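Got the model open in your viewer? Put it in cartoon view, keep the selection box handy, and follow along stop by stop.

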Amino acid sequence: MNAVTDLHPDSQNLDLRNWWMPFTHNRYFKAKPRLITKAKGAYYELADGRRVFDCLSGLWCSPLGHSHPTVVKAVQTQVETLDFSPSFQMGHPAAFALASRIAALAGRPNDSVFFVNSGSEAVDTALKIAVAYHRLRGDAARTRIIGRERGYHGVGLGGISVGGIVANRKMFAPLMVPGVDHLPHTWNPAQMAFSKGEPDWGAHLAEDLERIVALHDASTIAAVIVEPMQGSTGVIVPPKGYLKRLREICTKHGILLIFDEVITGFGRLGTPFAGSYFGVEADLNTFAKAVNNATVPLGGVIVREDIQQAFMSGPAHAIEFFHGYTYSGHPLAVAAAHATLDVMRDEKLIERAAALAPVLEKAVHSLQGEPHVTDVRNIGLASAIELAPYAGQPGLKAIKVFENALNDGQMPRFSGDILALAPPFISTETQVTDMVEGIRRALRATPATV
Ligand SMILES: Cc1ncc(COP(=O)(O)O)c(C=O)c1O
């Protein structure tokens, strides 16, 4: 390729060697590449011109569908007006307005919002705030963080330490944050397979936090971090009453509760945040993804007012929190967020997600009894289908079903032997039911053995 075509490679003639792709089977992919070239509304267009339905809203992050004209316009205008603005010791108005807007949407108008660029950064920021908060209050021994098995909190060193997905952790043991312990995850197929919404069984698993507190002593524990609904590990829905009990135990022992709302924030459960869905308020909430429809990377942490105030004790000219990113509150990301929240409000998209939730529930549970399916789980506009793995080849079954689905015009997410479906909020009921019918055909087309 010459210099000019290097800048504009056409997908027929593409050298795939140099991009080491994230969370991807690079060798399998590059032998059979799946290239996306365009997106509009709820559909992606592949390099061969086929249109496929975006069954996971990107990576849980594009509830408005793609290239919504309001968001496109906002980012275009912003890049011409203020393309970048330093957020260390300077500020731009739209970022302040966005922080107020997010705090209000969370129903916590006096809380602070710290902007970052990703879910991973949001998690590491929340962990730092929790530990520093206790230290500032003279409780410096509270350093332990409690995560949960199967939790996904991104790929920062804090996030993998509190996370509970073995493959994301095992290579990096020496880099892990010390003093972390884990709650058990709550998925138990014998008790809850094919539950609709929150399973009836399992609230007692929250009591394990009392065991952990008894083991380490509350005086050493800074925070508990959980995803209200475990998304990336395959939509593990909290048992009825479980989160409420975690909240009670944290409060009793002076432990901060962090909800990692990177997936659930901004409407996925049909409420602005999962806290309001479950009626449980966390002390810190992380967010990213849907906040600005993923148009430009943006994440953040919502911080309870008094926690933020604990940082405000030194002289006023001193920096209170030695933390931040060059791109914190990036003007393009902020502009995309305002536009996204405008569209969510004007088109009533969170309400629409809530209205589509029972449509998805009914459709996806009709897959019970189809080949390979061992469990179906759902909550809000999110669902997962658990497949029986091929003997000795974990993960391969879901790849095969995924490939059949893609050929059928549906692009679900697969990880391990689980398929996840969380369509854009703009989807029609027919698109949701068609999506599930496409998955049904893909399941039927997938052989029982390889
Ligand atoms: C709950 C949760 N936390 C953190 C992250 C990490 O986000 P990012 O990939 O933007 O770093 C994710 C990503 O899926 C997530 O689901």
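Start by selecting residues 43-46 and 51-54. These are strands β2 and β3, which run antiparallel and are joined by three bridges. This is a predicted model, so treat everything on the tour as a prediction. Show side chains and look across the pair: glutamate 45 has arginine 51 as its bridge partner in β3, and tyrosine 44 is partnered there by valine 52. Now zoom in on the turn. The β2-β3 hairpin has four residues between its strands, and glycine 49 in that turn has a positive phi of about 95°.

Next, add residues 36-40 to the selection. That brings in β1, which is antiparallel to β2 and joined to it by four bridges. Isoleucine 36 sits opposite leucine 46 in β2. What lies in the turn of this hairpin? Two residues separate β1 from β2, and glycine 41 in the turn has a positive phi, this time of about 55°.

Add residues 410-411 and you have the whole sheet on screen. It is an open sheet of four strands in the order β1-β2-β3-β13, with mixed pairing. Its edges are β1 and β13, each pairing on one side only.

**Step back to the whole chain**

Clear the selection and zoom out. The protein chain has 17 helices and 15 strands, and its C-alpha atoms fill a box of roughly 65 × 55 × 45 Å along the principal axes. Is that what a compact globule would give? What radius of gyration does the chain have? The chain has 22 Å, which agrees with the value near 22 Å for a compact globule of 450 residues. Color by burial and 48% of those 450 residues count as buried. Among contacts with a separation of 6 or more, 71% are between residues 24 or more positions apart.

**Color by domain**

Give one color to 3-67 plus 348-445, and another to 71-346: these are domain 1 and domain 2 of the domain assignment. Their C-alpha centres lie 26 Å apart. Where they meet, 32 residues of domain 1 are in contact with 30 residues of domain 2.

Stay on the domain 1 side of that boundary. The elements giving two or more residues to it are α3 (57-60), α15 (349-365), β11 (373-379), β12 (382-387) and β15 (418-421). Select α15, as this helix gives the largest share, seven residues. By residue type, this side of domain 1 has 18 nonpolar, 10 polar and four charged residues.

**Over to a parallel pair**

Select residues 221-226 and 256-260. You are looking at β7 and β8, which run parallel and are joined by four bridges. Valine 224 in this pair stands opposite leucine 257 of β8.

Now turn on the side chains of β8. As a rule, side chains in a regular strand alternate between the two faces of the sheet. Which residues of β8 point which way? Leu256, Ile258 and Asp260 point one way, while Leu257 and Phe259 point the other, and all are buried. That makes five of five residues buried in this strand.

Step along to glutamate 227, in the loop between β7 and α11 (242-253). Is this residue buried or exposed? Glutamate 227 counts as buried because it has 26 other C-beta atoms within 10 Å, where 20 or more is the cut-off. Leaving aside neighbours within four places in sequence, its contacts are Gly151, Tyr152, Asp260 and Ile263; Asp260 is one of the β8 residues you just displayed. Try a distance from glutamate 227 to proline 238 as well: they are 11 residues apart in sequence and 9.3 Å apart in space, C-alpha to C-alpha.

**Last stop: the ligand**

Center on the ligand and show what surrounds it. The shell has 14 residues, and the closest are Ser118, Gly119, Ser120, Gly154 and Val262. Which helix gives the most to this shell? Select residues 119-136: helix α6 contributes three residues. Color the shell by residue type to finish, and you get five nonpolar, seven polar and two charged.

Conventions: Residues are numbered from 1 along each chain as its sequence is written. This is a predicted model: local features need pLDDT of at least 70, side-chain atom pairs count only at pLDDT 80 or more; totals for chains, interfaces and linings use all residues. A residue is near a molecule or strand if its C-beta atom, placed from the backbone, lies within 6 Å of it. Ala, Val, Leu, Ile, Met, Phe, Trp, Tyr, Cys and Pro count as nonpolar, Asp, Glu, Lys and Arg as charged, and the others, Gly among them, as polar. Two strands pair if DSSP finds at least two bridges between them. Domain bounds come from an automatic or database domain assignment. Two residues are in contact if their C-beta atoms, placed from the backbone, lie within 7 Å. The radius of gyration is taken over C-alpha atoms; the globule rule is 2.2 Å times the number of residues to the power 0.38. A residue is buried if 20 or more other C-beta atoms lie within 10 Å of its own, exposed if 12 or fewer, and partly exposed in between; C-beta atoms are placed from the backbone.
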